[in-house]
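Subject: Structure for your files

Hello,

Here is the structure for you to look at. My notes on it come below.

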Amino acid sequence: MQKPSTAPAVHEAEQARYREALNGELGAFLEEQRQSMAGVSGDVAPLMDAISGLVAGGKRLRAMLSYWGWRGAGGAELAAEPVRAGAALELFQAAALIHDDIIDRSDTRRGAPSVHRRFSNLHGDSGWALDPERFGQAAAILTGDLCLSFSEEAFTAVGPAAASGTSARRLFNAMRAEVMAGQYLDVLEEVAGPVRPREDAVQRARTVIRYKSAKYSTEHPLGIGGALAGADEALLRGYSEFSLPLGEAFQLRDDVLGVFGDPLTTGKPAGDDLREGKRTVLVALALDAAGEAARTELEHGLGNASLTLAEVDRLRDVVASTGALESTERLIDELAERAFSALDRLALDGLVRGALEALGRAAVRRAF
């Protein structure tokens, strides 16, 4: 693969300036929303606290990809459009995480209580009536919906380049719809997967990761940035040829960590995907390759929320013994190679190429 023609420090310095501008944009936007919501009632402040807390974390992968998509299409450094678009993407990501944690019954996010857990804790600490779990979920759904509304408002603020009928707006709309469809396919597979044909399970799982994660994590953010700067269809296709396999490798790495990851790194309990019954590519490969006894054991354990650490370790051993982990790692390598080969073919200057390569490699390693 070609070496970037610019020193990494150059794109890292510009990226740091963009991050600072993005954080400022998000802070100002959320403060304006907080003041507006305060006019409704002081009781809604916890919704804003939850959103602000979630948006403050994360590594800004989607916003960064959008920014470099903008720069690669000729956009000016630190222009208002990619900063505002990045804020919209971060708000959308926060909304998706809130809803995803409810669906997955995840009590932690980035090592802290998830939003629905924050609200159920608030209920308990306040001594309120009725069910704290139901309150927590209801409040988190509404917080996620509010965050989606903010995301739309932030993207509209980008201006004419994001108006109805533009390429950027088309991609933004497709991104939001596809995530919801992919999320549904994910929960559908959890309940229908055990009775569906096993020979199709890997392909079904790959469809889930493409629409639930890959497109909104990498492909659409990069394309949105390019479209805002006026990228033509050829460049947008080239962006997709790089970013879609990258996004799939990114999610496959996440799936590996969901079974084999260290909680100190992932911010989630060990083996969380097993307890949630996730029918990932890794799990589908394991079920397909396992013998009858191992398959029965794995099927019995998937979705058991009360799995002990010892039982999680046993299921990890079962998955590893089938060769599914090695197969998933090979698939990650193949997808990454496809992505970086596509990046080599893009007519980009060294600054942008270096930034995209660095982001891509960090995403595949989950080292950002």
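What follows covers confidence, the pocket and the nonpolar cores.

This is a predicted model, in which local features need pLDDT of at least 70, side-chain atom pairs count only at pLDDT 80 or more, and totals for chains, interfaces and linings use all residues. Residues are numbered from 1 along each chain as its sequence is written, and side-chain values use heavy atoms, without hydrogens and water.

The average pLDDT (the predictor's confidence in each residue, from 0 to 100) is 94 for the protein chain, and 97% of the residues score at least 70. Residues 1–6 fall below 50. Where pLDDT is low, the predicted coordinates should not be read in detail.

The largest pocket has a volume of about 1,200 Å³. A pocket here is an open set of points on a 1 Å grid over the protein atoms alone, where a 1.4 Å probe fits, with protein on both sides within 12 Å along at least five of seven lines; lining residues have an atom within 4 Å of a point. The volume is the space filled by probe spheres set on the points, which are joined across faces, edges and corners. Of its 49 lining residues, L97, R109, D254, K268 and R366 are the closest to the centre. The lining comprises 20 charged residues (Asp, Glu, Lys, Arg), 15 polar and 14 nonpolar (Ala, Val, Leu, Ile, Met, Phe, Trp, Tyr, Cys, Pro), with the others, Gly among them, counted as polar.

The largest nonpolar core (buried Ala, Val, Leu, Ile, Met, Phe, Trp, Tyr and Cys joined through side-chain atoms within 4.5 Å; buried means under 20% relative accessible area with a 1.4 Å probe, protein chains only) has 85 residues, and L91, F155, F242 and L356 touch the most other members. A second, separate core of 14 residues includes V283 and L307.

Regards

How values were computed
Buried < 20%, exposed > 50% of the residue type's maximum accessible area, 1.4 Å probe, protein only. Contact = heavy atoms within 4.5 Å.
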